[in-house]
Amino acid sequence: MQYISTRGQAPALTFEQAMLTGLARDGGLYVPDTVPTLTPAQIAAMAGKSYEEVAFDVMRPFIGDTFDGATFKTLIANAYAGFGHAARAPLVQLDSNHYLLELFHGPTLAFKDFAMQLIGQMFQAALSRSGDRVTIVGATSGDTGSAAIEAFRGLAAVDVFILYPHGRVSEVQRRQMTTPTEDNVHALAVDGDFDDCQAMVKNMFNDFAFREAVKLAGVNSINWGRVLAQVVYYFTAAVSLGAPHRQVSFTVPTGNFGDIFAGYIAKRMGLPIADLVVATNRNDILHRTLQTGAYTKEGVAPTISPSMDIQVSSNFERALFDAYGRDGAAVAGQMDDLKSGGFQISQGAYQMLKDTFKSGRASEDETHQAIKTYRQNHGELLCPHTAVGVHVAEAHLGPTPMVTLATAHPAKFPDAVKAASGVTAPLPPRMADLYDRPERVTRVAGELAAIQAVIRERIS
Ligand SMILES: *Cc1c(COP(=O)(O)O)cnc(C)c1O
């Protein structure tokens, strides 16, 4: 299997190359040239298997000969060994036909650990084989950064720099990024918002001299390896609810479109998914796009679900690529128009997107109410992102079981959860001293040159 760019102008790569590279040289994102399918019998055989066994079955067809089967099994086992729940991604019932998929039992209490822990293992294995050293640079609205730092801390072949918007991440998120003591971990607080951070990371990748000089590697949600790792839990959840004999729907709190895109891949692989519902907070570019066919940027408004405070949704490009019949030139043209504010999706492509994704949004008040109501009536304490999801899911409940992805632990956003429910969610015991550990962070201006200078200096 080869990986091709959504903009059609970069060389095709192997899984290993695509994973280590992140963004393609033409500015596009890598996608597999074909999506392998699993038969209903293969999916049925997943019933009763461990998370790790299903992970192997789902991901193996995508990795080519990057790792042999036994090695890949070991990497998967190591990736999930540190999770605080034996099922890794347990399902909890909220209502007769509504379930919560708890994706917050990893080391940083958000779903991003599922992908990042595996990426850390795969990077380590690939780099120690080749003897290379790389500089990982990532932008975060909070959860990616802590997950990346947790996955790469102390690895000899990697320096990890995380750019986060100063003052716009929760205290738990910030401390998870600033308290690790390993020398290869660098938290950078940038003056700007998440989109500024993300744009700077993209610009670093497009600065080829810099990219070569520091051996840049990316682990943002644009990295195909991350999307792939997230496909797995759609299978474990659907199979426990009766797939392939029964259809299942999913509602996904969405920002950069990585997690929901993983659901789309699961569906293309043959998992019988009925609805894939995109749930946004008031930063609703994806909801508006799916309602109108026009993708237009607006300013970012800070919300109580900060990991979804995004206006340019990187992974949406992968969906567009398929919607345009894999026409890289068409995607490149639309992305050019985005620089001047937005674009109109062609009729055919828009129809494909509307047929594939449903959507809804939750206001701040609705998010708040959902936290309160689910605490009172269901006994569940939801993080604000998950609350956006359950609010939107309620409008899509029907005869098909609905699974809402619980993307973070409520203790990761204690202020918003307390304000809405009156309850303080305690941190799990292994993190109880987080507030006592000393912090280490570098404040930087929101300028590309300034950030590049810090990176060059630190790795020299
Ligand atoms: C990253 C994140 C999201 C959004 O996920 P995307 O893959 O970017 O759409 C939602 N909730 C939480 C808690 C997150 O950390």
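This note sets out numbered points on the domains, backbone, helix packing, cavities and pockets of the structure.

1. The status of the coordinates should be stated at the outset: this is a predicted model. The remarks below concern that model and its computed geometry, together with two annotations taken from UniProt.

2. At the N-terminal end, UniProt lists "domain: Threonine synthase N-terminal" for residues 2–80, in an unreviewed entry. In the model this span is 42% helix and 8% strand. The C-alpha atoms at the ends of residues 2–80 are 27 Å apart.

3. A further UniProt feature, also from an unreviewed entry, is "domain: Tryptophan synthase beta chain-like PALP", placed at residues 90–332. Helix accounts for 44% of residues 90–332 and strand for 20%. The end C-alpha atoms of that stretch lie 40 Å apart.

4. Two backbone features deserve a check by eye. Arg88 is not a glycine, yet its phi is positive, at about 65°. Arg88 sits in the loop that runs between helix H4 (69–81) and strand E3 (91–95). The other feature is a cis peptide bond from Ala243 to Pro244, with omega near 5°. Pro244 belongs to the loop between H10 and E9.

5. The packing of helix H10 (residues 224–240) against helix H11 (residues 258–268) can be described in some detail. Their axes are 8 Å apart and make an angle of about 65°. The crossing of H10 and H11 is right-handed. On the H10 side, the contact is formed by Trp224, Val227, Gln230, Val231, Tyr233, Tyr234 and Phe235. H11 contributes Gly258, Asp259, Ile260, Phe261, Ala262, Gly263, Ile265 and Ala266. Sorted by class, the residues in this contact are 11 nonpolar, three polar and one charged.

6. How many cavities of 30 Å³ or more does the model contain? The count is two. The largest cavity has a volume of about 290 Å³. Its lining comprises 28 residues, and those closest to the centre are Phe111, Lys112, Gly255, Asn256 and Ser307. Elements that each give at least two residues to this lining are helix H6 (143–152), H10, strand E9 (248–253) and H11. H10 and H11 therefore recur here, having been described above as a packed pair. By class, the lining of the largest cavity holds 11 nonpolar, 13 polar and four charged residues.

7. The second largest cavity encloses about 60 Å³ of space. Lining this cavity are Ala139, Gln198, Val201, Lys202, Phe205, Asn220, Ile222 and Ser314. Helix H8 (residues 194–206) provides the largest share of the lining, four residues. Four of the lining residues are nonpolar, three are polar and one is charged.

8. Turning to open sites, the largest pocket has a volume of about 630 Å³. Which residues lie nearest its centre? They are Arg7, Lys202, Val312, Leu338 and Lys339, out of 29 that line the largest pocket. H8, helix H13 (316–323) and helix H14 (328–339) each supply at least two lining residues. H8 gives the most, with six residues. The lining of the largest pocket is made up of 10 nonpolar, nine polar and 10 charged residues. Lys202 is thus named both here and in the lining of the second largest cavity.

9. The second largest pocket holds about 410 Å³ of space. Of its 19 lining residues, Leu20, Thr21, Arg211, Lys215 and Leu216 are the closest to the centre. Two or more lining residues come from each of helix H1 (15–21), helix H5 (112–130), helix H9 (208–214) and strand E8 (216–217). H1 gives the most to the lining of the second largest pocket, with three residues. By class, this lining divides into 11 nonpolar, two polar and six charged residues.

Conventions. Residues numbered from 1 in each chain as written. Predicted model: local features only at pLDDT ≥ 70, side-chain atom pairs only at ≥ 80, totals over all residues. Heavy atoms only, no water. Axes fitted to C-alpha atoms, helices over the stretch in contact; angles between N-to-C directions. Left-handed = near helix turned anticlockwise from the far one by under 90°. Contact = heavy atoms within 4.5 Å. Nonpolar A, V, L, I, M, F, W, Y, C, P; charged D, E, K, R; others polar. 1 Å grid on protein atoms, 1.4 Å probe; cavity = no way out; pocket = protein on both sides within 12 Å on 5 of 7 lines; lining within 4 Å. Points joined across faces, edges and corners; volume = space filled by probe spheres on them. UniProt positions renumbered as here; feature names shortened; annotations may be inferred.
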